[in-house]
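Me: Could you take a close look at one part of this protein for me? I would like to see how a single residue sits in its surroundings, and then how that fits with the rest of the chain.

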Amino acid sequence: MDVVGKSVIRKEALDKVTGKARYTHDYHSTATLSAKMVISPYGHARIIDIDTVEAFKVPGVRAILAGEHFPLTGESIRDRPPIAVDVVRYHGETVALVVADTPGQAKKAADLIRVKYELLPVVNSPTAAFQNGAPLVHPKLGDYQKEQDMNPIPGTNIASHVKIRKGNMDQGWAESETVMEASFSLAPSDHAALETRCAIAEILPDGNITITTSSQAPFMVKQMIATYFKEDMGKIIVNTPLVGGAYGGKASVQLEILAYLATKAVGGKPVKILNTREEDILTSPCHIGLDAKIKFGADQNGMIKAAEIRYLWDGGAYSDKATDLTRAGAVDCTGPYNIENLWCDSYCMYTNHPYAAPFRGFSHSELSFAIERTMDLLAEKLEIDPLELRRRNAILPGNKTPTRVLLNKSNVGNLPKCIDRLKELIHWDEGPVVEVSDRIIRVKGICCSWKTSTIDANAPSGVILTFNRDGSINLMSGVIEIGTGSKTVLAQILAERLKMDVNKIHVRMEVDTQTTPEHWKTVASRATFMNGKAVLEAAEDIINQLKEVTACVLRSPKEDLEVANSRVFLRDDPSIGLDFKDVGYGYQYPNGNSIGGQIIGKGNYILRRMSRLDPETGAGHPGPEWAVGAYGVEVEFDRNDFSYRLLKAVSVIDIGTVLNEKAAIGQVMGAMSMGLAFAGRETFYFDELGRVLNPQLRTYRPLRYGENPEYLVDFVLTPQLDAPYGARGVGEHGLLGMPGALGNALSTAAGVSLHHLPLIPELIWRTKEGDV
């Protein structure tokens, strides 16, 4: 192929490296007002009184929203008030919103608002939430509106329960000679995107509502605002410029609702709400937490015969996307292993923590940590090489997923080949442990993972192509450029199909929901797959139109025409033909007569054959394909103080086809860095009142410059036959195995089994001392 597979420079690269790129906060006018939140300082409390008298005295204050009952919000369960009324359920929840002429005035007024609270019992973990007699986060759970397939359990803290039942458990345990059981936990954490969340809303004199937002899901913003507040959907226009990182955290609809309420409160004037870093960490949706119990049964050869799994997901104070994360965790609950007899319960639990949004990997890195640590413990008990144990149990074409989807070479890829390549890259045969000195050792850990994309079965994706008079093409799509380079890859797909120069394809980066065709959400590593399919359909549309016009001019059947190099020509005599610039806007004969007109192509795609899960067995078709990968981490460990240094991280992923080599490698490396930070240091620390104790980047620590290991990335190429040029999604997959591989390496290094994240030296010390 001429374009696909090449390292094409990203279309927005120049604007970004020169600082010309514009993000949501860069859009401002002198008429724009500012909004500032007042947030709860407690995890759970009753609101006794809100005093706004002094705040209203601040010059420039236009409105204060507090104590008002707005419609409840939430995608699956309508359980969340936009501004808390009566009760706050997490540290950081919005209790009042001030609108003023300037940010300074808004903050000054917000600081003067006095809120009186009465403390309530705090639910500080999903395990605590699951106990009989636990305080109820939502006593009126049964009264909320919900989607058809949501089944919250009133009188409990369970927002959702997904069951997976497969095979015969009695038979599985009867065939098991060795049983390994273990529990694991990890707390919620932050996405820590470089750009904090921002939204601007305005109601125009004609009634149109415009919202500019740093969102992964502008079409969902449009839909939700219309649904919650009974607005005319056609009058809601959502604009999204470039987004400075998201990782799932900007898929939820939150600040957009506050901005909408703020502009309504001031007669439609434009209002901007911008999170500070601390607000972004505290008040906006976070990375989900998990308490897990895993029980495996295996025969003497290490073949896993039965598995019992319980996932308690820390959905936080409101269900939002946590219910979807719970379902995704159930769908791929076993990791990439063929287990015929399976019993899994995946619960979405309400707690008094910040509520959960998707996080790169959509619950898979979390469950992979639990599964992969258990795999290492099982290997140790069976005295089988950990990599060999995984190879023996690797899921293969002909096997069925936990939800009973029959796999084939197209929809699952080749995990054994990934394992074999990992073995080479990490030099596994040299042994997992090398003695450097009496104090220092070098240790390797490995793991595997997989993922399907459990998105809405009716999620759409569309593309419009228009010609310019010079023969170049404009590509318009609803995919959000969140740093993944997806829109450049779409241009490559189009250029490959049309056999033209990719530089003659102009991609519109900004999205607005009035003129841009819808792409459901830019999430789940689905942008290239879904929108790429739409691009190919749109390409066929314009090829057909180009041939129709050219066939009239050349007096030739369409079937005799070919398209390449920005020309339409006779297949048997390429010298006879027309350039795109001559037919893209129609063709004009020498006498002035014209035919055709501007060629406009369209394409759309919707996932096929997806189905809901059976509520009792979990049987169903939740995603189009399963991408697999094998991972390794090498660390240098100090046996005296339990500190360690990351030396090497390896990912081998079955990507199907590489569409843009450098972009793909960059995506995987970035994901690996996130995975190591999440595994090794990133977490929220909660006190007994449910307060987050580390809401600043000086106390919440992603990996810093110079702390990264050497990254090794390689790909296995097993094409997905229904995907654009056979490519599988890869935006998330480099992250999935890092927690498990690091946990396995450090457990070997420390000589003690580690069951909690993050893997900080203090945790290792406490585990050694028996204090965890």
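Is N531 buried or exposed, and what is its relative accessible area?

Reply: Happy to take a look with you. Please keep in mind that this is a predicted model. N531 is buried, with a relative accessible area of 0%. The cut-off for buried is under 20%, so a value of 0% puts N531 in that class.

Let's start with its setting. N531 is placed in helix α15. Leaving out residues up to four places away in sequence, N531 touches S461, G462, V463, S477, V479, L490, H519 and R526. Helix α15 covers residues 527-554, and the loop between β23 (511-512) and this helix holds S525. S525 has a positive phi of about 55°, although it is not a glycine. This serine is also buried, at a relative accessible area of 16%.

N565 makes a good companion to S525. N565 also shows a positive phi of about 55° without being a glycine, and its place is the loop between β24 (561-564) and β25 (567-570). Here the surroundings are another matter: N565 is exposed, with a relative accessible area of 62%. The cut-off for exposed is over 50%, so N565 at 62% falls in that class.

For another buried residue, have a look at L378. This leucine lies in helix α10, which runs over residues 364-382, and its relative accessible area is 0%. Setting aside neighbours within four places in sequence, L378 is in contact with T178, M180, F296, A298, I304 and L389. L378 can also be paired with G302: the two are 76 residues apart in sequence, while their C-alpha atoms are 8.3 Å apart in space.

Further along the chain comes helix α19, made of the 13 residues 738-750. From first C-alpha to last, α19 reaches 18 Å, close to the 18 Å expected at 1.5 Å a residue. This helix is mostly covered, with 12 of its 13 residues buried. Among the buried ones are M738, P739, L742, N744, L746 and A750. Just after α19, G751 takes a positive phi of about 70°. A little later in the numbering, the peptide bond from L757 to P758 is cis, with omega near 0°. P758 itself sits in the loop between β33 (756-757) and α20 (761-768).

Now let's step back to the whole chain. The protein chain contains 20 helices and 33 strands. Its radius of gyration is 27 Å, close to the 28 Å that the globule rule gives for 772 residues, so the chain is as compact as a globular protein of that length. Along the principal axes, the C-alpha atoms fill a box of roughly 90 × 70 × 50 Å.

Burial goes well beyond N531 and L378: of the 772 residues, 61% count as buried. As for how the chain meets itself, among contacts between residues at least 6 apart in sequence, 78% join residues at least 24 apart. The accessible surface comes to about 28,800 Å², and carbon and sulfur atoms account for 49% of that area. Finally, the chain carries 84 positive and 93 negative charges, and the mean positions of these two sets are 3 Å apart.

Terms used. Residues are numbered from 1 along each chain as its sequence is written. This is a predicted model: local features need pLDDT of at least 70, side-chain atom pairs count only at pLDDT 80 or more; totals for chains, interfaces and linings use all residues. Side-chain values use heavy atoms; hydrogens and water are left out. Helices (H or I, at least four residues) and strands (E, at least two) are DSSP runs, numbered from the N terminus. The radius of gyration is taken over C-alpha atoms; the globule rule is 2.2 Å times the number of residues to the power 0.38. Buried means under 20% relative accessible area, exposed over 50%, partly exposed in between (1.4 Å probe, protein chains only). Contact means heavy atoms within 4.5 Å. Accessible areas come from the Shrake-Rupley method with a 1.4 Å probe; for residues, only the protein chains shown count as cover. Lys and Arg count as positive and Asp and Glu as negative; His and the chain ends are not counted. The place of a charge is taken as NZ of Lys, CZ of Arg, CG of Asp or CD of Glu. The expected span of a helix is 1.5 Å times one less than its number of residues.
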